Amino acid sequence: MTLACEGLSVALATPFTPSGEVDLPAFRRLVRFVGQGGADVLVVLGSTGEAATILDEERDALISACLEEAGGRPVVVGTGHNATRQAAALTRRAQQLGAQGALVVTPYYNKPTPDGLVAHFAAVAEAAPGLPLVAYNVPGRTGLNLTPTALGRLWENPQVVAVKESSGNLRQMEEIARTLPEGKVLLCGDDDLTLPAIAAGASGLVSVMGNLIPGETKAFVEAARRGDYGEARQWQARLLPLIEALFVESNPIPLKAGLVLLDLGHDLLRLPLTSPQASTRAKVAAGLALALQREVCA
């Protein structure tokens, strides 16, 4: 039960056609672009991929397309759900299709206790024996924070090999890093905390901006990982305007504006998310221009 998930993971967007269907050709193009840009791991059907509004019958096609275009890179599939049986079924299916790992968000809405979290992940692991699981903590979306104490109990499950920490709480990340068991991996889930999180002990980043600038994001992550903080700070200064632009509206709304600018897809989302505002498009274009050090036309 190993998963090479250090370095740069990119949480892939899901492009849609003007009629609202999944745009598989555009998705394949995005996967190739991100992979060729240097991503180490590809994450499909996460929050950035609008998994909450992807129909069950659409999931297989996205997972299979990602696997086919991955070029040998590990593919991790978002299989989280607030219903444990559904999360287990989605994880089992991802394993059957050939995924190398599953990203399992803590159950939202239900507000489980630590005992419930442990039982939830145990059931998911049992449904897909041997498949590495990445626990996903994003309290801003789930309403539940996976505390370091609760995470310590999840680490006892051998299939839980990593955590994507997206609480935005650097002190919490420091505590997770301090108590990290041997063989387990801490991943930063917030682009804006890449440098301090890696300095504190994270082994990589699960990135949104990597959809648009995978090469630059990879260089930033690797500079931080090798302890070249001078270069990493230069990258942070260069990329921060884009990072800020990508979160002025709910992710992935601004990201979809960036896909248009790079001819990687339309800026369409599924309700209840709506298309980017004009001001958002302008901010994303300006951030991209700075990151790429070339003009980007909005």
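What is the volume of the largest pocket? In this predicted model, the largest pocket has a volume of about 620 Å³. Of the 29 residues lining this pocket, Gly46, Ser47, Ala51, Ala52 and Tyr108 are the closest to its centre. Helix 2, helix 3, strand 4 (101–105) and helix 5 (139–142) are the elements that give two or more residues to its lining.

## Pockets and cavity

Rolling a probe the size of a water molecule over the atoms shows where empty space is left. The second largest pocket has a volume of about 370 Å³. Its lining consists of 23 residues, and those nearest its centre are Val138, Gly189, Asp190, Phe247 and Asn251. At least two lining residues come from each of helix 5, strand 8 (204–207) and helix 10 (229–245).

The model also holds one cavity of 30 Å³ or more. The space in the largest cavity amounts to about 70 Å³. Its lining is made up of Leu3, Cys5, Ser9, Val41, Val43, Val76, Leu103, Val134, Lys164, Leu187 and Val206.

The table sets out the volumes and the classes of lining residues.

| Space | Volume | Nonpolar residues | Polar residues | Charged residues |
|---|---|---|---|---|
| Largest pocket | about 620 Å³ | 13 | eleven | five |
| Second largest pocket | about 370 Å³ | seven | ten | six |
| Largest cavity | about 70 Å³ | nine | one | one |

## Helix 2

Helix 2, which contributes to the lining of the largest pocket, comprises the 14 residues 56–69. At 1.5 Å a residue, this helix should span 20 Å, and its end C-alpha atoms are 21 Å apart, which agrees.

Which residues of helix 2 are buried? They are Glu58, Arg59, Leu62, Ile63, Ala65, Cys66 and Glu69. Seen down the axis of helix 2, these buried residues fall within an arc of 165°, and they therefore line one face of the helix. The face turned away from the buried side carries the exposed residues Glu57 and Glu68.

What covers the buried residues of helix 2? The covering elements include helix 1 (24–36) and helix 3 (84–97), together with strand 2 (41–44) and strand 3 (75–78). Helix 3, like helix 2, also gives two or more residues to the lining of the largest pocket. After helix 2 comes Gly71, whose phi is positive, near 65°.

Terms used:
Residues numbered from 1 in each chain as written. Predicted model: local features only at pLDDT ≥ 70, side-chain atom pairs only at ≥ 80, totals over all residues. Heavy atoms only, no water. Helix = DSSP H or I, 4+ residues; strand = E, 2+ residues; numbered from the N terminus. Expected span 1.5 Å × (residues − 1). Buried < 20%, exposed > 50% of the residue type's maximum accessible area, 1.4 Å probe, protein only. Arc of directions from axis to C-beta. Contact = heavy atoms within 4.5 Å. 1 Å grid on protein atoms, 1.4 Å probe; cavity = no way out; pocket = protein on both sides within 12 Å on 5 of 7 lines; lining within 4 Å. Points joined across faces, edges and corners; volume = space filled by probe spheres on them. Nonpolar A, V, L, I, M, F, W, Y, C, P; charged D, E, K, R; others polar.
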